[in-house]
There are 2 protein chains.
Amino acid sequence: MQKIKILLAEDDENLGMLLREYLIVKSYDADWFINGEKAYKSFIKTHYDLCILDVMMPVKDGYTLAKEIRLTNAEIPIIFLTAKSLKEDIIEGFKAGADDYICKPFSMEELLFRVEAVIRRTRKDAAGIQQSEYKIGDYVFSPNTQLLRYGNTEHKLTTKESDLLKLLCANKNMILDRNFALKTIWVDDNYFNARSMDVYIAKLRKYLKEDPRVQIINVHGKGFKLIES
Amino acid sequence: MQKIKILLAEDDENLGMLLREYLIVKSYDADWFINGEKAYKSFIKTHYDLCILDVMMPVKDGYTLAKEIRLTNAEIPIIFLTAKSLKEDIIEGFKAGADDYICKPFSMEELLFRVEAVIRRTRKDAAGIQQSEYKIGDYVFSPNTQLLRYGNTEHKLTTKESDLLKLLCANKNMILDRNFALKTIWVDDNYFNARSMDVYIAKLRKYLKEDPRVQIINVHGKGFKLIES
DNA sequence: GTGAGCTTTTAACAATCTTTAACAGTTCTT
DNA sequence: AAGAACTGTTAAAGATTGTTAAAAGCTCAC
């Protein structure tokens, strides 16, 4: 089995080396670069599976680097390390195509957890484990065609409806984190988008009301859970 | 049951005692040992959930101890305390199987933060095995659907109600430690959350009052016990 | 370009969930 | 026995979510 190759861009020498060693010990294949410029040079001639980029770096900062990376590769997961927990920074990061971000100071645990989460996610997406059809009680949902079938009646979903239902299905019987859903579907997780999401939840509930065993329940302050009992 | 048991190995008497007291105040069950040798002796005959090891100790240093511990238990999380921020040391630590490290001097908050990060992860890993239905006297409780049935009447519980009842059920006829419940459900175990929990206990008692054989009794200063007689 | 028909967001209000406050009762400590 | 700490219970305040409808955006044929 191939080791997962990680590009690490971090200007703090201690932290950089430390992270590199930690990732290697955890059996990843990690390359560490001291600034965005050097990282980018390596990126364009090497295959990486994941990028961990510090936001504040001399020569070329993390956001700029991320944008350049995205021009070449729209798929590769990017995790930002940011010293400030300022909301603006984080939003900026997501616009640059981040999959996750970690605020310093962080624990190795936390980093590892997020790395693994990101990898699980992309694995699923890539490996085609991504379902072309979900069975939800008596319903059948096809994300590709955005069709929801119940018996012989078919209902065409809108893009947002379909995206949200797909996320719920992918996390069936588990909590779909509100912010995660917002970040993946709406990109920006502000108040209005959150309300918009609530509206879509209400719509989906209406569509799914024929089968009482199917329910979308709210987990207060956390998110929603699609359950099939 | 419930209290998380921590093995603490630290040769500095002041720091060791301080850490032990602090962890206990934060309602962990902490054993402190003055060197690696003594710590190991206790480790092999006691169940611990987490190890915090100082790197520099007489008789047996932290790395050696960690390696020995790993021979017995590959899973238990290990956090190193290291005086030097020398990279070599930390790298050595990771190789010995560390899950995280903390450089001295560190704040108690920092330690706690990392301890809790580690615990959260292992807790998630362990949470796999769980019942889908509990019978409580004449009641039937389904944590997944958050439904509490009594005869043919069904009551939908809120998330917090359900989470708490689930913990009580998982520890039926045993004491559910107050702080354990708080940390599991409320994450932070402060005064207000404790009062909040009391409110929920009152609610659950109300829901369960139809069957007099079912009772939630308080164990003063310890927690609550769901009994079925 | 423009308007019909659709999708999505915003607004508004109702309902629900959780926390906080307040006070009464209990158990422990000294 | 009296004070301190802990628990029981109810109600309020605060926050989140449910739901519907109107407003704003978008698309595409004309």
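Modeller: Before the DNA is discussed, a polar contact should be defined as a pair of N or O atoms within 3.5 Å, where, within protein, one must be able to donate a hydrogen and the other to accept it, and residues adjacent in sequence count only if both atoms are side-chain atoms. This is a predicted model, in which local features need pLDDT of at least 70 and side-chain atom pairs count only at pLDDT 80 or more, while totals for chains, interfaces and linings use all residues. Residues are numbered from 1 along each chain as written, chains are lettered from A and ligands numbered from 1 in the order written, and side-chain values use heavy atoms, without hydrogens and water.

Biologist: What makes the pair between Trp186(A) and DNA strand C a polar contact?

Modeller: An N or O atom in the side chain of Trp186(A) is 2.9 Å from a phosphate oxygen of DNA strand C, so the pair falls within the 3.5 Å limit. Thr158(B) also places a polar side-chain atom 2.4 Å from a phosphate oxygen of that strand, and for Tyr200(B) the corresponding distance is 3.1 Å.

Biologist: Which elements give two or more residues to the surface near DNA strand C?

Modeller: They are helices H6 (159–170) and H8 (191–207) of chain A, together with H6 (159–170) and H8 (191–207) of chain B, helices here being DSSP runs of H or I with at least four residues, numbered from the N terminus.

Biologist: Which atom of DNA strand D does the side chain of Arg195(B) approach?

Modeller: A base oxygen of DNA strand D is 2.4 Å from an N or O atom in the side chain of Arg195(B), whereas Lys206(A) has a polar side-chain atom 3.1 Å from a phosphate oxygen of strand D, and Arg178(B) has one at 2.9 Å from a phosphate oxygen.

Biologist: Why are Leu15(B), Gly16(B), Leu19(B), Tyr22(B) and Leu23(B) of H1(B) called buried?

Modeller: These five residues are buried, which means that each has under 20% relative accessible area (over 50% is exposed, and partly exposed lies in between, with a 1.4 Å probe and protein chains only).

Biologist: How do you know on which side of H1(B) they lie?

Modeller: They cover an arc of only 135° around the axis, and are therefore on the same side of H1(B); that arc is taken from the directions from the helix axis to the C-beta atoms. The face turned away from this buried side carries the exposed residues Glu13(B), Asn14(B) and Val25(B).

Biologist: What makes Asp12(B) a cap of H1(B)?

Modeller: A side-chain oxygen of Asp12(B) lies 2.9 Å from the backbone nitrogen of Asn14(B), at the N-terminal end of H1(B).
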